[in-house]
Amino acid sequence: AVLPVSPDDAQAIAAIAPTVDVRVIPNGVDTALYRPGLPDALRLQHPAIVFTGKMDFRPNVDATLWFAHNVLPLIRREAPDVRFWIVGQNPHPRLASLPAGAAVELTGWVEDVRPYIAAAAAYVVPLRIGGGTRLKILEAMAMGKAMVSTTLGCEGFEVVDGQELLIADEPSEFAAAVLQLLRQPATRERLGRAARRFAGSRYDWRMIVPKLERLL
């Protein structure tokens with residue numbers, strides 16, 4: 001059997017190998033480890049927009065550069081104190097082109113990404129290339145974070161724009177969605193609660209592992 005993590009990937013495999021036994025088993029998240037309030041958030045001085053991921057992975061590099069160069073300046077016109085936190089190991093040399101100054105924080109390796117996610121006023125997934133489903137989506141959702149994602153970034157998850165997260169693909173739309181979260185605490189809280197429910201009801205490992213065990 002071939003085990004893709006989303007129906008979209010299953011369809012792609014079936015199109016090129018129609019005789020293959022394809023079984024969708026989603027990625028999952030430990031909702032006890034990733035949950036609101038654990039661990040304590042970092043005490044950041046300025047409103048934080050957070051992105052997490054391995055930073056020598058091409059889709060993450062592309063997402064970071066696109067957001068920093070095309071979206072962040074639009075956000076900072078309206079919210080000049082905002083900081084963009086890029087949290088992840090092995091920063092690629094291409095990230096040397098990130099805007100200089102205090103607008104961007106590039107952490108490199110950290111022992112635990114959860115305090116950074118917890119500190120986020122908005123979590124972003126500005127991915128434009130790649131496949132599968134993104135663990136970062138599930139981790140931030142399980143922690144009850146309001147997020148903005150591209151359509152590709154949340155591909156494979158049955159989410160609804162405005163219900164579990166905000167979806168935007170153009171720089172101006174993405175910036176407007178982030179600003180909405182920064183300005184509207186009630187919207188952040190509503191989306192965060194819905195995201196947590198979504199992750200826990202469908203993607204907790206306790207629900208997914210038995211599916212793999214039955215197949216094995």
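# Exercises on a predicted model

Asn70 is found in helix H2. The model is predicted. Work through each task, then check the solution.

## Exercise 1: Asn70 and its surroundings

Task: Decide whether Asn70 is buried, partly exposed or exposed. Then find which residues Asn70 is in contact with, leaving aside its neighbours within four places in sequence.

Solution.
- Step 1. Take the relative accessible area of Asn70, which is 37%.
- Step 2. Apply the cut-offs: buried means under 20%, exposed means over 50%. Asn70 is therefore partly exposed.
- Step 3. Leave aside the neighbours within four places in sequence. Asn70 is then in contact with Leu65 and Pro171.
- Step 4. Compare sequence and space. Asn70 and Glu170 are 100 residues apart in sequence, and their C-alpha atoms are 9.2 Å apart.

## Exercise 2: Two other residues of H2

Task: Classify Thr64 as buried or exposed. Do the same for Arg77.

Solution.
- Step 1. Place them. Thr64 lies in helix H2, and Arg77 is found there too.
- Step 2. Thr64 has a relative accessible area of 0%, so Thr64 is buried.
- Step 3. List the contacts of Thr64, leaving aside neighbours within four places in sequence. They are Phe51, Met55, Phe84, Ile86, Leu95 and Leu98.
- Step 4. Arg77 has a relative accessible area of 67%, so Arg77 is exposed.
- Step 5. Add a distance. Arg77 and Phe157 are 80 residues apart along the chain, and 32 Å separates their C-alpha atoms.

## Exercise 3: The span of helix H5

Task: Work out what span the 13 residues of helix H5 should have at 1.5 Å a residue. Then name the buried residues of H5 and what they pack against.

Solution.
- Step 1. Note the range: H5 covers residues 171-183.
- Step 2. Multiply 1.5 Å by one less than the number of residues. The expected span is 18 Å.
- Step 3. Check the model. The end C-alpha atoms of H5 are 18 Å apart, which agrees.
- Step 4. Name the buried residues: Phe174, Ala175, Ala177, Val178, Leu179, Leu181 and Leu182.
- Step 5. Find their packing partners. Two are helices, H2 (58-78) and H6 (185-202). The strands are S1 (48-52), S4 (122-125), S5 (147-149) and S6 (166-167).

## Exercise 4: The nonpolar core

Task: Find how many residues the largest nonpolar core has. Then trace what Val178 touches.

Solution.
- Step 1. The largest nonpolar core has 65 residues.
- Step 2. Its largest share, 9 residues, comes from H2.
- Step 3. Ile49, Phe67, Ile75, Phe84, Phe174 and Val178 have the most contacts inside this core.
- Step 4. Follow Val178. Not counting residues up to four places away in sequence, Val178 touches Ile49, Ile75, Ala122, Val124 and Val148.

## Exercise 5: The sheet

Task: Give the strand order of the sheet. State which strands are at the edges.

Solution.
- Step 1. The open sheet is formed by 6 strands, in the order S3-S2-S1-S4-S5-S6, with parallel pairing.
- Step 2. The edge strands are S3 (104-108) and S6, and each pairs on one side only.
- Step 3. Look at one pairing. S5 and S6 pair in the parallel sense over 2 bridges.
- Step 4. Find a bridge partner. Val148 is matched with Leu166 in S6.

## Exercise 6: Charged residues

Task: Say how many salt bridges there are. Examine three of them, then the buried Glu139.

Solution.
- Step 1. The count comes to 8 salt bridges.
- Step 2. Asp56 forms one with Lys54, with the closest N and O atoms 2.6 Å apart. Asp56 is partly exposed at 33% relative accessible area. Lys54 is partly exposed at 40%.
- Step 3. Glu158 forms one with Arg202, with the closest N and O atoms 3.1 Å apart. This pair links distant parts of the chain: Glu158 is in the loop between S5 and S6, and Arg202 is in helix H6, 44 residues apart. Glu158 is exposed at 57%, while Arg202 is partly exposed at 37%.
- Step 4. Glu189 and Arg193 meet in a salt bridge of 3.0 Å, N to O. They are 4 residues apart in helix H6, so about one helical turn separates them.
- Step 5. Turn to Glu139, in helix H4 (residues 135-142). Glu139 is buried yet has no salt bridge. The nearest side chain of opposite charge is Lys136, 7.6 Å away. The cut-off for a salt bridge is 4 Å.
- Step 6. Not counting residues up to four places away in sequence, Glu139 touches Val29 and Tyr34.

Conventions:
Residues are numbered from 1 along each chain as its sequence is written. This is a predicted model: local features need pLDDT of at least 70, side-chain atom pairs count only at pLDDT 80 or more; totals for chains, interfaces and linings use all residues. Side-chain values use heavy atoms; hydrogens and water are left out. Buried means under 20% relative accessible area, exposed over 50%, partly exposed in between (1.4 Å probe, protein chains only). Contact means heavy atoms within 4.5 Å. Lys and Arg count as positive and Asp and Glu as negative; His and the chain ends are not counted. A nonpolar core is a set of buried Ala, Val, Leu, Ile, Met, Phe, Trp, Tyr and Cys residues joined through side-chain atoms within 4.5 Å. Two strands pair if DSSP finds at least two bridges between them.
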